[in-house]
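This report introduces the aromatic contacts and strand pairing of a single structure. Please view the sequence and the model before reading on.

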Amino acid sequence: QKDGVLDPKCQIVEFESLGTRVKNTRRFYVLNPTSENYDFVWKPEGGEKNDDPFRCGTRRGSILSGKKYEMVFEYLPTSVGPHESFWTFYVVGKDAVQ
């Protein structure tokens, strides 16, 4: 992300909260279409931040060949207003990043 322009490969997950200190959860699946299992890891861009209202519940795992894996992200706002967080999905040991 540079100059406020998102990479076209970027996938956006939006949350809407009914108030502060209300946990909001989004779940989605990642499919492994390959013939081999792979390990993955989610990393927040810019490193860990203690005050980040976003949390990844599935920071790492293994996706079996031909199977899907449920990803979980949570948003727990502590203040009113828009918030954003950028995360990158890495396939461990492969040249695959999303």
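A residue is called buried if its relative accessible area is under 20%, exposed if it is over 50%, and partly exposed in between. The model under discussion is predicted. With a relative accessible area of 23%, Phe28 falls between these two limits and is therefore partly exposed. Trp42, at 10%, is buried, and Phe73, at 8%, is buried as well.

**Aromatic pairs**

The structure contains 10 aromatic pairs. In one of them, the ring centres of Phe28 and Trp42 are 6.3 Å apart and the ring planes stand at 90°, so the arrangement is edge-to-face. Because Phe28 belongs to strand β1 (residues 24-31) and Trp42 to strand β2 (residues 38-44), this pair ties together parts that are 14 residues apart in sequence.

Trp42 also forms an aromatic pair with Phe73, again edge-to-face, with 5.1 Å from centre to centre and 90° between the planes. Here the linked parts of the chain are distant: Trp42 is in strand β2 and Phe73 in strand β5 (residues 68-75), 31 residues apart.

Which residues make up the aromatic cluster? One cluster is formed by Phe28, Phe40, Trp42, Tyr69, Phe73, Trp87 and Phe89.

**Charges over rings**

Two lysine contacts with tyrosine rings are listed below.

| Lysine | Ring | Distance to ring centre |
|---|---|---|
| Lys43 | Tyr90 | 5.3 Å |
| Lys68 | Tyr29 | 4.5 Å |

In the Lys43 contact, the charged end of the lysine sits over the ring of Tyr90. Lys68, for its part, lies over the face of Tyr29.

**Strand pairing**

How are the strands of the open sheet ordered? The sheet consists of 4 strands in the order β4-β2-β6-β7, with antiparallel pairing. Its edge strands are β4 (60-63) and β7 (96-97), each of which pairs on one side only.

Within this sheet, β2 and strand β6 (residues 87-91) are joined by 5 bridges in the antiparallel sense. Val41 has Tyr90 in β6 as its bridge partner. Tyr90 thus appears in two settings: as the bridge partner of Val41 and as the ring beneath the charged end of Lys43. Trp42, similarly, lies in strand β2, is buried, and takes part in the aromatic cluster.

Definitions and conventions
Residues are numbered from 1 along each chain as its sequence is written. This is a predicted model: local features need pLDDT of at least 70, side-chain atom pairs count only at pLDDT 80 or more; totals for chains, interfaces and linings use all residues. Side-chain values use heavy atoms; hydrogens and water are left out. Rings of Phe, Tyr and Trp (its six-membered ring) pair if their centres lie within 6.5 Å; planes under 30 degrees apart count as stacked, over 60 as edge-to-face and the rest as tilted. Buried means under 20% relative accessible area, exposed over 50%, partly exposed in between (1.4 Å probe, protein chains only). A charge sits over a ring if NZ of Lys or CZ of Arg is within 6 Å of the ring centre and within 35 degrees of the ring normal. Two strands pair if DSSP finds at least two bridges between them.
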